[in-house]
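Here is a walk through one protein model, feature by feature. Keep the 3D view open as you read.

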Amino acid sequence: MRYLDYNNYLNNKTNVFYNIKTKYKIYKNNKNYLKICDEKYIFNSIELDYNQKEAIFSDEINTLILAGAGSGKTLTIEAKINYLIENKKIKENEILCISFTNDSVNNLKNKINYNVDIFTFHKLALEIINDYKLNICIVNDYLDYIVNELFLSFVRNIDLKVLKQFKNEITSFINIFKTYNYDYKKMNKFSRRNKLLKLIRYIYYIYEDELKSTNYVDFNDLINLATRLINNKGLKRYYKYIIIDEYQDISDNRYKLIKAIKDSCNSKLFAVGDDYQSIYKFSGSNINMITRFKKYYGYTKIIKIVNTYRNSYQLIKEASSFIMKNKHQIRKKLVSSKSIEKPIKIVYYKKNESIKFKKILDLIEGKILILGRNNYDVNYVLDDDIYFVDNKIVYKKEYNYKTVHKSKGLEEENVILINLNNSKYGFPNKKTDNICKILLPKDNYLFEEERRLFYVALTRTKNYIYLLVDQENPSIFVQELLRIGKKNIEVLDL
């Protein structure tokens, strides 16, 4: 017995696939195949649930694994690679595994015992370019240098904070513009809208001329160049399987690189992600590429991994209700065998936030991760007794502090989320005047990315999350939580 690829039947004109009996036969065959695999294959001390096993044994041309927070997606990827090599006899050099950061790549390398290609997108692009023996020089912050030089020449008597924000907006626009691999014609079209875009066009032209004259390429150029090389000259390596971690963070140029490799090798795609945790729209990621996956790749088997081993049932119930207020998210019902009474704790403060913050620290037993929506949120809890050194808050002992964006993928026994207020730079952040929005997909729901970011914050904890809330101007997200999940929330009087 073998696994029958649904997509092959769709593409094979000799099969009348639209016959319901044929569909049922394939479904029945594959279900029996999965059962036989489960009985025969031993996972070398890796314990897997039913959904994870289905993901590992399934062998469609395109598979999307929707893995909830704390559901063991890394374990699933590890077991998938083991199974392909040990059971399917796929060669190590025929498997490509991609993740988004050096840390996540190193984490996968430490857990996978086989010599498969595990790269970030940029490292993968560089490897492909090197296959063609092209002589290039990679630059990371050259755009910042160009912008700084121009502003030093022309801008006088401006607040440094405003200037920094202005420069960041310009560099972000150009970087996102390049993730879409747009050309000069597109930039000229944008520049007709207002004076800021005319300035951006001017800087973009200087930047691109500098890159070409010095034979430099930036990180976006790396991916775009690798894609062009594959499309024009073919890929000089062969991958039967492409495995992508954190697929919800995919951008347009990363998608095009994957599509070029996939088309060149006729590879099978195994993408793992969680649309609930798509939080990098501001840097070019496009949530539509996971929520509308079939539009980009054609027939796809979608498998949901719904058992969470991190969060309690009570917490995941409230977090899921909160995220699914946005009906455009993919519905999945996460489950947990872990039970903790009232895992969400709310502590209100009036004027001196640091006093309540110290009381929470004194109250909690076990390890603590402290999160803020913005980098500067930490300033609101500092005083003569609390210091901030090397990304750690020091009060009697050291505590890790991160922005919620930087916490994705992390977990801790307990979490404190600070400075929850209702303001332009609160949580949700209400800043809407960024010029980059004209490049990015439009929101389907009010504060939809901020909602996902809040969901990420809630689901970092193994036990309790403490929300430090401005009593006179509370976050609208906290008010919503209180409306939908009062029985799992406790307001502490400290």
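What follows is a tour of helices, salt bridges, cysteines, a surface patch and a few backbone oddities.

One thing to keep in mind throughout: this is a predicted model.

**Helices with two sides**

Let's begin with α10, which runs over residues 195-214. At 1.5 Å a residue, its 20 residues should span 28 Å, and the end C-alpha atoms sit 29 Å apart, so expectation and model agree. Which residues of α10 are buried? Leu197, Ile200, Ile203, Tyr204, Tyr207, Glu208 and Leu211 are. Looking down the axis of α10, you'll find these buried residues within an arc of 135°, so they line one face of the helix. Lys195 and Ser213 are exposed on the other side of α10. As background, an α-helix has 3.6 residues a turn, so residues three or four places apart point the same way.

Helix α5 (residues 102-111) can be read in a similar spirit. Its buried residues include Ser104, Val105 and Leu108. They cover an arc of only 100° around the axis, which puts them on the same side of α5. Turn to the face pointing away from that buried side and you meet Asn102, Asp103 and Asn110, which are exposed.

A quick stop at α4 (residues 73-86), home of Ala79. Ala79 has 0% relative accessibility, so it counts as buried. Its C-alpha atom is separated by 25 Å from that of His122, and the two residues are 43 apart along the chain.

**Salt bridges**

How many salt bridges turn up in a search of the whole structure? The search finds 31. Three pairs worth clicking on:

| Pair | Closest N and O atoms |
|---|---|
| Lys259 and Asp263 | 3.2 Å |
| Asp274 and Lys332 | 2.9 Å |
| Asp362 and Lys396 | 3.2 Å |

Take the pair within one helix to begin with. Lys259 forms a salt bridge with Asp263. Both residues belong to α12 (residues 252-265), and because they are 4 residues apart, about one helical turn separates them. Lys259 counts as partly exposed at 25% relative accessibility, while Asp263, at 53%, counts as exposed.

Now for the bridge between Asp274 and Lys332. Asp274 lies in the loop between β7 (268-273) and α13 (288-291), and Lys332 in the loop between α15 (313-323) and β9 (344-349), so this pair ties together parts that are 58 residues apart in sequence. Buried or exposed, these two? Asp274 and Lys332 are both buried.

Then there's Asp362, bridged to Lys396. Asp362 lies in helix α16 (residues 353-363) and Lys396 in the loop between β12 (392-395) and β13 (397-403), so the pair ties together parts that are 34 residues apart in sequence. Asp362 counts as partly exposed at 44% relative accessibility, and Lys396 is exposed with a relative accessible area of 70%.

Beyond pairs, there's a network of salt bridges too: it links Lys73, Asp245, Glu246, Asp249 and Lys408.

**Cysteines**

The search for disulfides across the whole structure comes back with 0. Cys97, for instance, is in no disulfide: the nearest cysteine sulfur belongs to Cys265 and is 16 Å away. Given that a disulfide here needs the two sulfur atoms within 2.5 Å, that separation explains why Cys97 is not paired with Cys265. Cys97 has 0% relative accessibility and counts as buried, whereas Cys137, at 35%, counts as partly exposed.

**The loop after β14, and a surface patch**

Where does Tyr425 sit? Look in the loop between β14 (412-420) and α18 (448-458). Tyr425 counts as partly exposed at 31% relative accessibility, and together with Tyr376 and Tyr380 it makes a nonpolar surface patch of about 290 Å².

Pro428 is found in that loop between β14 and α18 as well. The peptide bond joining Phe427 and Pro428 is cis, with omega about 10°.

**Positive phi values**

Two residues other than glycine round off the list. Asn419, in strand β14, has a positive phi near 55°. Asn419 counts as buried, at 5% relative accessibility. Lys133 also has a positive phi, near 55°, and is found in the loop between α6 (121-131) and β4 (137-138). Lys133 is exposed, with a relative accessible area of 74%.

Terms used
Residues are numbered from 1 along each chain as its sequence is written. This is a predicted model: local features need pLDDT of at least 70, side-chain atom pairs count only at pLDDT 80 or more; totals for chains, interfaces and linings use all residues. Side-chain values use heavy atoms; hydrogens and water are left out. Patches are made of residues with over 30% relative accessible area and no salt bridge: like charges are joined within 9 Å, nonpolar side chains (Val, Leu, Ile, Met, Phe, Trp, Tyr) within 5 Å. Accessible areas come from the Shrake-Rupley method with a 1.4 Å probe; for residues, only the protein chains shown count as cover. A salt bridge is a side-chain nitrogen of Lys or Arg within 4 Å of a carboxyl oxygen of Asp or Glu. Buried means under 20% relative accessible area, exposed over 50%, partly exposed in between (1.4 Å probe, protein chains only). The expected span of a helix is 1.5 Å times one less than its number of residues. The arc is that of the directions from the helix axis to the C-beta atoms.
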